Amino acid sequence: MPTSLITNAAIPLLAAAAGNATLVDITEIALGDGGGAAYDPTAAQTGLVNERLRVPIDTRRFLAPQRWRIMAEVPSETPEFPMRELGFYAADGTMIGIWAGSDVVARCIGVTIYRIFFNLDLSAAPEGSVVIAADDDDL
């Protein structure tokens with residue numbers, strides 16, 4: 001089963017944000033091919049195994065404290081590749097979360113517009129420490 005993790009690099013950012021009433025802005029989603037194979041992610045990762053593309057988060061919808069539904073769009077001119085991993089990045093470039101898994105079936109990305117809808121659950125982060133930097137939408 002695919003796994004979503006908050007990265008070790010995100011923990012001090014989230015703790016600092018909770019401690020001084022600031023926010024960690026998640027602004028982008030990275031897509032990768034896992035280096036040609038599915039794998040189990042670890043919290044120690046600071047990037048994807050093989051990032052192929054990074055796109056801004058277009059829209060967001062608040063679901064519950066620390067839970068958001070987000071949407072990003074892969075443009076049609078993107079060269080085709082098998083997507084096996086996703087990374088969620090803060091405005092400062094830190095990977096906050098990762099999604100991958102040894103049983104992930106690769107999804108073919110590119111050549112056509114591809115919209116990614118993802119429910120991002122950051123419930124392990126201190127409440128109120130994260131915001132998705134995108135327009136609100138009724139997804």
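This is a short dialogue on reading strands and aromatic rings in a predicted model.

Q: Is strand E2 largely enclosed or open, and why?

A: Buried means under 20% relative accessible area. In strand E2, residues 24-32, 7 of the 9 residues are buried, so the strand is largely enclosed by the rest of the structure.

Q: Which strands pair with E2, and in what sense?

A: A pairing has a sense, parallel or antiparallel, and a number of bridges. E2 runs parallel to strand E10 (residues 130-132), with 3 bridges. With strand E6 (residues 85-90) the sense is antiparallel, over 6 bridges. Strand E3 (residues 51-64) also pairs with E2 in the antiparallel sense, over 5 bridges.

Q: What stands opposite isoleucine 26?

A: Isoleucine 26 faces isoleucine 132 in E10 and alanine 90 in E6. Elsewhere in E2, glycine 32 stands opposite glutamate 51 in E3.

Q: How is a pair of aromatic rings described?

A: By the distance of the centres and the angle of the planes. The whole structure holds 3 aromatic pairs. In one of them, phenylalanine 62 and tryptophan 68 have ring centres 5.5 Å apart and planes at 80°, so the pair is edge-to-face. Tryptophan 68 counts as buried because its relative accessibility is 10%.

Q: How are the rings of tryptophan 99 and phenylalanine 118 placed?

A: Their centres are 6.4 Å apart and their planes lie at 80°, so this pair is edge-to-face. The pair links distant parts of the chain, with tryptophan 99 in strand E7 and phenylalanine 118 in strand E9, 19 residues apart. Both tryptophan 99 and phenylalanine 118 are buried.

Q: Which residues do ring pairs link into a cluster?

A: Phe88, Trp99 and Phe118.

Conventions: Residues are numbered from 1 along each chain as its sequence is written. This is a predicted model: local features need pLDDT of at least 70, side-chain atom pairs count only at pLDDT 80 or more; totals for chains, interfaces and linings use all residues. Side-chain values use heavy atoms; hydrogens and water are left out. Buried means under 20% relative accessible area, exposed over 50%, partly exposed in between (1.4 Å probe, protein chains only). Helices (H or I, at least four residues) and strands (E, at least two) are DSSP runs, numbered from the N terminus. Two strands pair if DSSP finds at least two bridges between them. Rings of Phe, Tyr and Trp (its six-membered ring) pair if their centres lie within 6.5 Å; planes under 30 degrees apart count as stacked, over 60 as edge-to-face and the rest as tilted.
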